Amino acid sequence: MSNQRQQKPTLTGQRFKPRKRDEKERFDPSQFQESIVQGLDQSGSDLEAVAKFLDASGAKLDYRRYAETLFDILVAGGMLAPGGTLSEDMTCTDFCVFKAQEDMETMQAYAQVFNKLIRRYKYLEKGFEEEIKKLLLFLKGFTEAERNKLAMLTGILLANGNLSASILSSLFNENLVKEGVSACFAVKLFKSWLSEKDINSVAGSLRKVGMDNRLLELFPANKRSSEHFTKYFDDAGLKELSDFAKNQQSIGARKELQKEIEDQMSRGDSLKDIIAYTREEMKKSNISEQTMVGLIWSSVMSSVEWNKKEELVAEQAIKHLKQYSPLLKAVTSQGYSELTLLLKIQEYCYDNIHFMKAFQKIVVLLYKADVLSEEAILKWYSDAHLPKGKSVFVDQMKTFVEWLKNAEEESESEEEETD
C-alpha cells in the first residue's frame with residue numbers, strides 16, 4: 001500500500017445560482033412611480049377612486065420599500081430631489097396635494113385619503129411622519145401656494161391624530177426660522193388645526209411631545225420674545241395660541257423661580273435675603289401673592305428629606321415650618337392668600353400619606369406664627385376646603401375651630417361690656 005495520501009476530488013464546472021430569497025433586490029423606484037402615477041391619472045380628481053386604487057395597489061406594489069416615493073407622489077406629484085424640487089427624469093401627475101385647490105374642504109378630502117391608506121397599511125405610519133418632517137425641511141423649495149396647502153393638510157392630520165406633534169421639530173431649522181418661513185407656515189398650520197380642534201386639544205398634543213415650551217423658537221433669537229410672539233399671532237387671528245404660549249412661558253418662569261428659592265434654602269441663605277428676593281421677583285414679574293404662596297410652600301416642603309414614620313414626621317414638619325414661617329407670612333398679607341395656603345397644605349397632606357395626621361398641627365403652628373388668621377381658618381372649615389380628605393381634615397380641625405369660635409364670642413362680649 002502506497003504511503004502517499006490520496007488527493008481529494010475537487011468540484012469544477014457548473015456554478016450554482018444563489019436562491020432567489022438571498023438575492024438583494026436593487027432599489028429602483030422608477031417602475032413603482034410609473035405604476036402609482038398611472039393609477040392616479042386614471043382615478044383623476046375623484047379622491048374616493050384614488051383611495052380605492054391605493055388600497056388595492058398595496059397588495060401588488062411594495063409600499064414598505066417605496067414609502068417615501070409613494071408619499072412624495074401623493075403630495076408633490078413626483079419624486080422630490082434634495083431641497084424640494086421635482087425629479088424631471090420621471091413621469092409626474094397633476095393629481096396631488098400641490099396641484100389641488102387651496103381650500104380647507106379640498107385639504108380635508110386629501111387628509112382622508114392619507115388616513116384611509118395608513119389605517120389600511122399600519123406599517124406606513126412611521127414612514128409618513130418621516131415624510132412630513134422631510135417636507136417641512138424642504139419648505140423653501142416650494143411655492144407659497146404649495147406651502148399653504150401643506151400647512152392646511154398638516155394641521156388637519158395633526159387634529160385627526162394621524163401625525164404626532166413631534167414633526168414640528170423640523171420648523172425649528174435655523175435657515176427656515178431665519179428667513180421667517182417657519183413662523184409664516186406655523187400660522188397657516190395652527191389655523192387649520194384650531195379649525196378642527198380646540199386650544200386644549202392642541203395644547204395637550206404639544207405637551208405630550210415637549211413642544212409646549214418651544215413655540216418661541218419659531219422666531220430668530222433677536223425676535224424671540226413673548227411680546228413679539230403675542231403681536232405676531234394676535235395679528236394673524238390666533239390669540240388663543242398666543243395666550244397659551246404666554247401662559248407656558250409664565251409657568252416656565254415660575255418653575256425657575258421656585259428652583260432658585262429652593263437653592264437659596266439649601267445654601268442656607270438668611271431668611272431676610274430670601275424674603276427680599278421674593279418681594280423683588282413679585283414686583284418685577286408681576287406675580288400675585290396667591291401664586292407666590294404656592295411657590296413658597298412647594299419650595300419649603302421640597303427642601304427637606306422627610307421621615308417615613310408618621311409619628312415622627314409631624315414633629316419634623318413643625319420644627320421645619322417654624323423656621324420658615326416668616327417667609328410664608330411675607331406672602332400672605334391678604335385673606336385670599338391665606339386661604340390659598342390652607343388649600344395647599346390640605347392638598348400636600350392628602351397627597352403625602354405620612355402627613356395625614358399632621359394637618360391640624362401645621363395649621364395651629366401657622367396660626368400662632370401669625371401666618372394664618374382665624375377668619376381664613378373658619379372660612380376654610382365652613383365651605384372653602386377641597387374634597388380631598390375633607391372628612392379627615394375637617395374632623396381634625398373641629399376642636400380647634402370650636403375654640404376659635406368661643407374665643408371670638410368672648411372677645412365680642414368683652415367689647416360690648418366695654419362700650
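**Figure 1. Burial and overall form of the protein chain.** Of the 419 residues in the protein chain of this predicted model, 44% are buried. The secondary structure consists of 18 helices, with 0 strands. The radius of gyration of the chain is 34 Å, whereas a compact globule of 419 residues would have a value near 22 Å. Measured out along the principal axes, the box that the C-alpha atoms fill is roughly 120 × 90 × 40 Å. When contacts with a separation of 6 or more are considered, 68% of them join residues that stand 24 or more positions apart.

**Figure 2. The surface and the charged side chains.** The protein chain exposes an accessible surface of about 24,200 Å², and carbon and sulfur atoms account for 47% of that area. Among its side chains are 58 positive and 66 negative ones, and a distance of 11 Å separates the centre of the positive set from the centre of the negative set.

**Figure 3. The largest nonpolar core.** This view shows a core of 78 residues, in which Leu 168, Phe 190, Trp 193 and Leu 206 are the residues with the most contacts inside the core. Helix α8, which covers residues 181-196, gives the most to this core, contributing 9 residues. In soluble globular proteins, nonpolar side chains tend to be buried together.

**Figure 4. Leu 168 and its surroundings.** Is Leu 168 buried or exposed? Leu 168 counts as buried, because its relative accessibility is 5% and the limit for burial is under 20%. Leu 168 is placed in the loop that runs between α6 (144-159) and α7 (174-178). Leaving aside residues up to four places away in sequence, Leu 168 touches Leu 158, Leu 189, Phe 190, Trp 193, Leu 206 and Met 211. Leu 215 lies 47 residues from Leu 168 along the chain, and the C-alpha atoms of these two residues are separated by 9.7 Å.

**Figure 5. A second core.** Separate from the core of 78 residues, there is a second core with 53 residues, and its members include Met 292, Ala 317, Cys 349 and Leu 372.

**Figure 6. Asn 173 in the loop between α6 and α7.** Like Leu 168, Asn 173 is found in the loop between α6 and α7. With a relative accessible area of 28%, Asn 173 is partly exposed, whereas Leu 168 is buried at 5% relative accessibility. The C-alpha atoms of Asn 173 and Glu 217 are 9.4 Å apart in space, although 44 residues separate the two in sequence.

**Figure 7. Two residues with a positive phi.** Which loop holds Asn 286? Asn 286 has its place in the loop between α12 (271-284) and α13 (289-302), and its phi is positive, at about 55°, although the residue is not a glycine. Asn 286 is exposed, with a relative accessible area of 70%. Asp 370 is also not a glycine, and has a positive phi of about 70°; the place of Asp 370 is in the loop between α16 (359-368) and α17 (374-384).

**Figure 8. Thr 399 in helix α18.** Thr 399 lies in helix α18, which is made up of residues 390-418. At 61% relative accessibility, Thr 399 counts as exposed, since the limit for that class is over 50%. Gln 360 is 39 residues away from Thr 399 along the chain, and the C-alpha atoms of this pair are separated by 9.9 Å.

Technical notes
Residues are numbered from 1 along each chain as its sequence is written. This is a predicted model: local features need pLDDT of at least 70, side-chain atom pairs count only at pLDDT 80 or more; totals for chains, interfaces and linings use all residues. Side-chain values use heavy atoms; hydrogens and water are left out. Helices (H or I, at least four residues) and strands (E, at least two) are DSSP runs, numbered from the N terminus. The radius of gyration is taken over C-alpha atoms; the globule rule is 2.2 Å times the number of residues to the power 0.38. Buried means under 20% relative accessible area, exposed over 50%, partly exposed in between (1.4 Å probe, protein chains only). Contact means heavy atoms within 4.5 Å. Accessible areas come from the Shrake-Rupley method with a 1.4 Å probe; for residues, only the protein chains shown count as cover. Lys and Arg count as positive and Asp and Glu as negative; His and the chain ends are not counted. The place of a charge is taken as NZ of Lys, CZ of Arg, CG of Asp or CD of Glu. A nonpolar core is a set of buried Ala, Val, Leu, Ile, Met, Phe, Trp, Tyr and Cys residues joined through side-chain atoms within 4.5 Å.
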